[in-house]
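Colleague: I would like a close look at one helix of this model and at what packs around it. Could you take me through that part in one connected account, and say how far the coordinates can be trusted?

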Amino acid sequence: MFRFAMNVPPTEGEMKTKKLEIRRESLASPLAQELIAELNAELSAMYPEAGATHFRLDPEETAEGRGAFLVAYNNGIPIACGAIRRIDPTTVEIKRMYVRQSARGTGAGRAILEALFAQARDLNVERVVLETGVRQIAAIGLYESYGFTHIPLYGEYLGSPLSICMEKRL
């Protein structure tokens, strides 16, 4: 079982360090479905336009050796998730990155991203790509702070005026 643990600095007003643990979970699990449903609800509110969709991720794409779906827990409570899926022999794509509202600003997103990079390295890929939405300013800032650069739209995002695609070389 994959485990990644780190201490997350306290948020404003907190007096102690939180214990964050990241574990591999099945994409088909009730917990994964709950987190993804929350993400989809947030995206639906942010992107109400006709044609705005939630791009797919299938459980077999996150199977061992092909990808991963990870969940971050703070003191045993699930607070964030993210996935990678292999899209070609040298590239993985980040999918379904989400941090619950109550955990934003705690470093959970950074911790999930670091754990996804570790999974990508285990798959021996050279490049990580992702799609995010034009209105997700915090997510864009996070990815840019990790060295992601903007690239042309690709795959299922071609022609999407609401999408931004990015890449990072490992």
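Modeller: What follows begins with the setting of the helix, goes on to its two sides and its surroundings, and ends with confidence.

This is a predicted model, and the chain comes to 3 helices and 8 strands, which run β-β-α-β-β-β-α-β-α-β-β from the N terminus on. Of the 170 residues in the chain, 47% are buried, and among the contacts with a separation of 6 or more, 61% are between residues 24 or more positions apart.

The helix to look at is α3, residues 137–145, whose buried residues are I140, L142 and Y143. These cover an arc of only 160° around the axis, which puts them on the same side of α3. On the other side of α3, I137 and A138 are exposed. As background to this pattern, an α-helix has 3.6 residues a turn, so residues three or four places apart point the same way. The cover over the buried residues of α3 includes one other helix, α2 (108–122), together with the strands β5 (91–99), β6 (127–133), β7 (149–151) and β8 (163–169). After α3 comes G147, with a positive phi near 90°.

One of the buried residues of α3 leads directly into the interior, since Y143 is listed with I84, I94, I112 and F148 as the residues that touch the most other members of the largest nonpolar core, a set of 32 residues. At least two residues of this core come from each of β2 (18–24), β3 (67–74), β4 (77–88), β5, α2, β6, α3 and β8, and α2 gives the largest share, with 8 residues. In general, nonpolar side chains tend to be buried together in soluble globular proteins. F148 shows how these elements meet: beyond its neighbours within four places in sequence, F148 is in contact with I94, F117, V128, L130, Y143, M166, E167 and K168. There is also a second, separate core of 15 residues, with L35, I36, L43 and F69 among its members.

The strands around the helix deserve the same attention. β6, one of the elements that cover the buried residues of α3, is itself mostly covered, with 6 of its 7 residues buried. β6 pairs with β5 in the parallel sense over 4 bridges, and E93 has V129 of β6 as its bridge partner. β5 also runs antiparallel to β4, to which 7 bridges join it; within this pairing A83 stands opposite K95 of β5, and the hairpin that links β4 to β5 passes through 2 residues. Further along, β4 and β3 are antiparallel and joined by 8 bridges, with R85 of β4 as the bridge partner of G67.

Two backbone angles in these strands and their connections are worth checking on the display. N75 lies in the loop between β3 and β4, in a hairpin with 2 residues between the strands, and takes a positive phi near 50°. R96, by contrast in its setting, is found in strand β5 and has a phi near 55°, again a positive value in a residue other than glycine. R96 is buried, because its relative accessible area of 12% falls under the 20% cut-off. In general, most residues other than glycine have a negative phi.

The cysteines can be dealt with briefly. The structure holds 0 disulfides, while C81 counts as buried at 1% relative accessibility and C165 is likewise buried, with a relative accessible area of 1%.

As for confidence, the chain has a mean pLDDT of 89, with 89% of its residues at 70 or more. The highest value belongs to β7, at 98, and the lowest to strand β1 (residues 3–8), at a mean of 45. β7 is among the elements that cover the buried residues of α3. Over residues 1–17, pLDDT stays under 50, although the model has 36 contacts beyond four places in sequence for this stretch. Where pLDDT is low, the predicted coordinates should not be read in detail.

Definitions and conventions
Residues numbered from 1 in each chain as written. Predicted model: local features only at pLDDT ≥ 70, side-chain atom pairs only at ≥ 80, totals over all residues. Heavy atoms only, no water. Buried < 20%, exposed > 50% of the residue type's maximum accessible area, 1.4 Å probe, protein only. Arc of directions from axis to C-beta. Contact = heavy atoms within 4.5 Å. Core = buried A, V, L, I, M, F, W, Y, C linked by side-chain atoms within 4.5 Å. pLDDT = per-residue confidence, 0-100. Pairing = 2+ DSSP bridges. Disulfide = S-S within 2.5 Å.
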